Amino acid sequence: MGNIAYLYKDNLYLNITNKCCVRCSYCIKYRWNKLFRGYNLGLNGEPTVEEVKKELKRFLNSNVKIKEIVFCGYGEPLLRYNVVKEISLWVKNKFPQYKIRVNTNGLASAYTKVNICKELSGIIDSICISLNAHNEEVYLRLHKTSIKHPFRAIINFIKQAIKYIPVVTVTAIKHPLVDIAKVKKITEKLGVRFRTRRYLTSYESR
Ligand code: SF4
């Protein structure tokens, strides 16, 4: 089994699945052979709630400085939204001093047909949604998915996130095909925070 929890830049990240409802052309899961800055994020199976809690306890009961707990990893965490819910509620109860964030591709609601943002209401503190395109056409050029109109689906997901989650940030990768100024405009119209992400190519060990 690879790493379920890993530390990076003051945050504790949780890697609860390798499954994803989209294949991004720039995904470092494939480019970096499931490695991430010295960690192996390749899971043999999906960790159980108890296995994730055990890992969390190991870090949260230590003296390591942790700013935020983030569901992220090499897969879409919200495909396991019930696990995200259960673990987050447990953290809020046992370690209320920690903020919880979810990093997502924004497509899990369209995939599962469940309003996941509503499910997470009052449970997580913030959400970071990857939009990674300024329109449907560019999105489809960079991403492969069985979901119809994925760009539209992500915008709908953002609107639900605004309703139910206190802090919503939309991100876009600095890819030559992505017009960052246009993505920024979309986020301004939606009234959410915006930040860019680096376009990563060759493996970085740290
Ligand atoms: S959403 Fe994330 S894990 Fe899934 S393919 Fe895209 S970059 Fe990779």
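In this predicted model, seven strands form an open sheet with mixed pairing, in the order β1-β2-β6-β7-β8-β10-β11. The edges of the sheet are β1, residues 5-8, and β11, each of which pairs on one side only. Averaged over the sheet and with direction ignored, neighbouring strands are turned by 25 degrees against each other. In general, the strands of a sheet are paired through backbone hydrogen bonds, in either a parallel or an antiparallel manner.

The sheet may be followed from the β1 edge. Strand β1 runs antiparallel to β2, which spans residues 11-14, and four bridges join the two. Within this pair, Tyr8 has Asn11 of β2 as its bridge partner. On the other side of the pairing order, β2 is joined to β6, residues 68-71, by four bridges, and these two strands run parallel. Here the bridge partner of Leu12 is Ile69 in β6.

The next step leads from β6 to β7, a parallel pairing over four bridges, in which Val70 stands opposite Arg101 of β7. Between these two strands the chain passes through helix α3, and the resulting β-α-β crossover is right-handed. Strand β7, residues 99-104, also runs parallel to β8, residues 126-130, again with four bridges joining the pair. Asn103 has Cys128 in β8 as its bridge partner.

Cys128 recurs in the following pairing, where it stands opposite Thr169 in β10. The strands concerned, β8 and β10, pair in the parallel sense over five bridges. The sheet then closes its order with β10, residues 167-173, and β11, residues 193-197, which likewise pair in the parallel sense over five bridges. In this pair Ile173 stands opposite Arg197 of β11. The connection from β10 to β11 goes through helix α8, residues 180-190, and forms a right-handed β-α-β crossover.

Helix α3, already met as the connection between β6 and β7, also has a helical partner. In general, the packing of two helices is described by the angle between their axes and by the distance between those axes. For helix α2, residues 49-60, and helix α3, residues 81-94, the axes come within 10 Å and cross at roughly 40 degrees. This crossing is right-handed. The contact is formed by Val49, Val52, Lys53 and Leu56 of α2, which meet Val83, Glu86, Ile87, Trp90 and Val91 of α3. Sorted by class, the contact of the two helices comprises seven nonpolar and two charged residues, with no polar residue. The charged members are Lys53 on α2 and Glu86 on α3.

The ligand site remains to be described. Around the ligand lie Cys20, Val22, Arg23, Cys24, Cys27 and Lys29, together with Tyr74, Gly75, Glu76 and Asn105. By class, this shell contains five nonpolar, two polar and three charged residues. Among the nonpolar members are the cysteines Cys20, Cys24 and Cys27. The charged members are Arg23, Lys29 and Glu76, while Gly75 and Asn105 count as polar.

Technical notes
Residues are numbered from 1 along each chain as its sequence is written. This is a predicted model: local features need pLDDT of at least 70, side-chain atom pairs count only at pLDDT 80 or more; totals for chains, interfaces and linings use all residues. Two strands pair if DSSP finds at least two bridges between them. A crossover is right-handed if, with the strands pointing away from the viewer, the path from the first strand over the helix to the second runs clockwise. A residue is near a molecule or strand if its C-beta atom, placed from the backbone, lies within 6 Å of it. Axes are lines fitted to C-alpha atoms, for helices over the stretch in contact, and angles run from 0 to 180 degrees between N-to-C directions. A crossing is left-handed if the near helix is turned anticlockwise from the far one by less than a right angle, and right-handed if clockwise. Two residues are in contact if their C-beta atoms, placed from the backbone, lie within 7 Å.
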